[in-house]
Amino acid sequence: MSAAATYAQGDPGATARRRRRTAAEWTRTAIVTTAFAAVLIAFLSPLAFSALLSVKSPAQVTEANAPILPSDPATYDYNGQTYPVYYVPLPDGTTRELALVKKGRASSDFVDPANPGAGTITWQGSWRNLDQPWKVSPHWDNYANVWGLIDFPRALFNTVALALIGTIGTVLSCTLVAYGFARFRFPGRGLLFTILLATIFLPGAVTLIPTYTIFVKIGWVGTWLPLLVPAFFANAYDVFLLRQYFLTIPRDLDEAAMIDGAGAFRILRSVVLPQALPVIVAVSLFTFVYAWNDFFGPLIYLSGQRELQPLQVVLANFSGIYYKNPSFIQVGNMLTLGIPVVLFILFQRVFIRGIVITGVEK
Amino acid sequence: MNQLPGATAALPRVRLRRLLRRSSRPMSPLARREARQGLLFISPWIVGFLAFTLFPMVATLAFTFLNITLAQETPLRFVGLDNYVRMLGDQHVWQSLGVTIRFAILWLPTSIIVPFVVALGLNSKYLRGAGIMRTLFFLPYVVPFVAGVLVWEQMLTDDGWINTFLNLIGVANPPSWLFDAGWIYPALVFIGIWGIGAGIVINLAGLRGIPTELYEAARIDGAGAWATLRNVTIPMMSPIIFYTLILGVVDVLQYFLVPLVLKNGTGEPAGSTNFYNLNLYQTFFTFQEMSYGATLAWFLFAITLFVTLVLFVLARGRVFYAGER
């Protein structure tokens, strides 16, 4: 008897088994999904932490028992004056939120915000031992303050300019080199490609010292040139990524164009590039985010040149100076990470595809 | 050459004779034209490689036998192996190498296992919303690293969120992560794990590439979840694991930027963040001793080469390339 026939006739045992299995699968799905969601929340909590800290007041940051959300101690306006509010344990055993209007060592005067007309209540004990209630209030002015403190527009302009010029140079040069490796046969191609890939393994320190020394001698240190010029000479990761993609594009159209008399550049521009648009976008985004996040290059080549430094370096200096005001540092963080994160969220498929090509496919 | 792990595995497999054979054959005019154009297209990289890689490499090697400093107060001269002798007797170098190795022992397994396990989970048929979770796990990877370090610095303070959480689950005296030499490495590992997004994506792509017939066959043979993982998933993933290991070794030997930002390069607490590359960086930029810095750089290069070569030899026969012919 075929499986379909069994199914049609209805086998009560099978139906029960199927139902049991779905129940078991449902439980497993619930457990796995919940566990993963919990791990993910923990994994992303630093971002939430940073966002919350960026709008906290200095008073809250230093207070040990302050709440998680950005808050200020509650206050109450009474007779044109602002008074702090405290949790006051009253003789009848209840605890009420009362505003402290007159401080005293052994006893203090309070007023009840719920019933200000009743006048002051005198309470025996030291107000210093009382806890304060907190009221949620984000300090957006932290952002305005930091914006002014570090000449944020200038640093942002530097970051964007460095990242854009570097991206243009990288995409141009890597496209040409990848096209050369993917479409032309020449002696030593395999060896040269292997050397290209081997440069990935070379510790940066090995080439840094003479490079830096030469940049000092020709007066490039303290300018953007050491950061931008090398971008126009291709790099192993992006050439590899582009070449892998070019190899997947069929050569038929190339050959048709060649027969029509198109030269190598013309074929690259009119035949290969239009088909390679996804990978060009991927390389551009990667390079842009990488350049945006670069710290070490600008740190060594632009030290002391404050008006030329990008956000990363400015932020690191800023955290050294304002280490006592963690809120300000997190404001800087939120402002710095904003653009890469937004770019990633918009183009996440492109990013993930690019990583898969460099890491897995050969 | 269509084995999986991309860039890395191809390297030792290049046969020099095969590469050179083509050049000894006489070329037709058409082929010569093609070769000329190809070389023209790759010329930006050739120029860049000569100027920014090969020449500096050779120069660094030459520096190690000289007495160059940025100020050059003593006349430039050939000093033979003096820099190497000084390095061998330099307590600071060996201590910093020890720091790097200690951290690597903790970091390397973590950086390989965690993305693998997360990818296994994301690939599970019991997970709902895998797409959005994959995106969110990747997200911290694009957070600029200075910003990431400064966020974690606050997370890991004595009354930060990590310790608040530990208090909540009943740990009475949570560690002082950033100020205790015994806890600083786990703290650095936390910071590192935040950027494993790319590793997760690579592992996930590898898992998706395993033919389902293999799992089918394992099921018919009566293999349980553990046996399937051991006998199907891990062997099929070995090229990816090897790839992450090799790049991880190269990276961890150069590790120093996180402690540089976190501790301002002081090596606190108690010298536990005096990484090899931090020492190299300071020799070069703070003390401006080009020749000694170059010696330290070549030593690092030699260690990197040695470790990766040993790994390639050890991997022979252990890494399974499904596409190998």
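**Close-up views of a predicted model**

Of the 325 residues of chain B, 37% count as buried, in a model that is predicted.

**View 1. Chain B as a helical chain without strands.** Chain B contains 15 helices and 0 strands, and its C-alpha trace spans about 70 × 70 × 30 Å along the principal axes. When the contacts of chain B with a separation of 6 or more are considered, 70% of them are accounted for by residues 24 or more positions apart.

**View 2. Arg306(A) in the loop between helices H13 and H14 of chain A.** Arg306(A) is placed after helix H13 (296-301) and before helix H14 (311-321), in the loop that links these two elements of chain A. Because 15 other C-beta atoms lie within 10 Å, a count between the limits of 12 or fewer for exposed and 20 or more for buried, Arg306(A) is partly exposed. Although Arg306(A) and Ala155(A) are 151 residues apart along the chain, their C-alpha atoms are separated by 8.6 Å.

**View 3. Packing of H14(A) with helix H7 of chain B.** The axes of H14(A) and H7(B), the latter comprising residues 145-155, are 9 Å apart and meet at an angle of about 25°. Since angles under 35 degrees count as roughly parallel, H14(A) is roughly parallel to H7(B). On the side of H14(A), the contact is made by Gln312(A), Leu315(A), Ala316(A) and Ser319(A), while H7(B) contributes Val146(B), Ala147(B) and Leu150(B). The residues of this contact between H14(A) and H7(B) comprise 5 nonpolar and 2 polar ones, with no charged residue.

Conventions: Residues are numbered from 1 along each chain as its sequence is written. Chains are lettered from A and ligands numbered from 1 in the order in which they are written. This is a predicted model: local features need pLDDT of at least 70, side-chain atom pairs count only at pLDDT 80 or more; totals for chains, interfaces and linings use all residues. Helices (H or I, at least four residues) and strands (E, at least two) are DSSP runs, numbered from the N terminus. Two residues are in contact if their C-beta atoms, placed from the backbone, lie within 7 Å. Axes are lines fitted to C-alpha atoms, for helices over the stretch in contact, and angles run from 0 to 180 degrees between N-to-C directions. Angles under 35 degrees count as roughly parallel, over 145 as roughly antiparallel, 65 to 115 as roughly perpendicular and the rest as oblique. Ala, Val, Leu, Ile, Met, Phe, Trp, Tyr, Cys and Pro count as nonpolar, Asp, Glu, Lys and Arg as charged, and the others, Gly among them, as polar.
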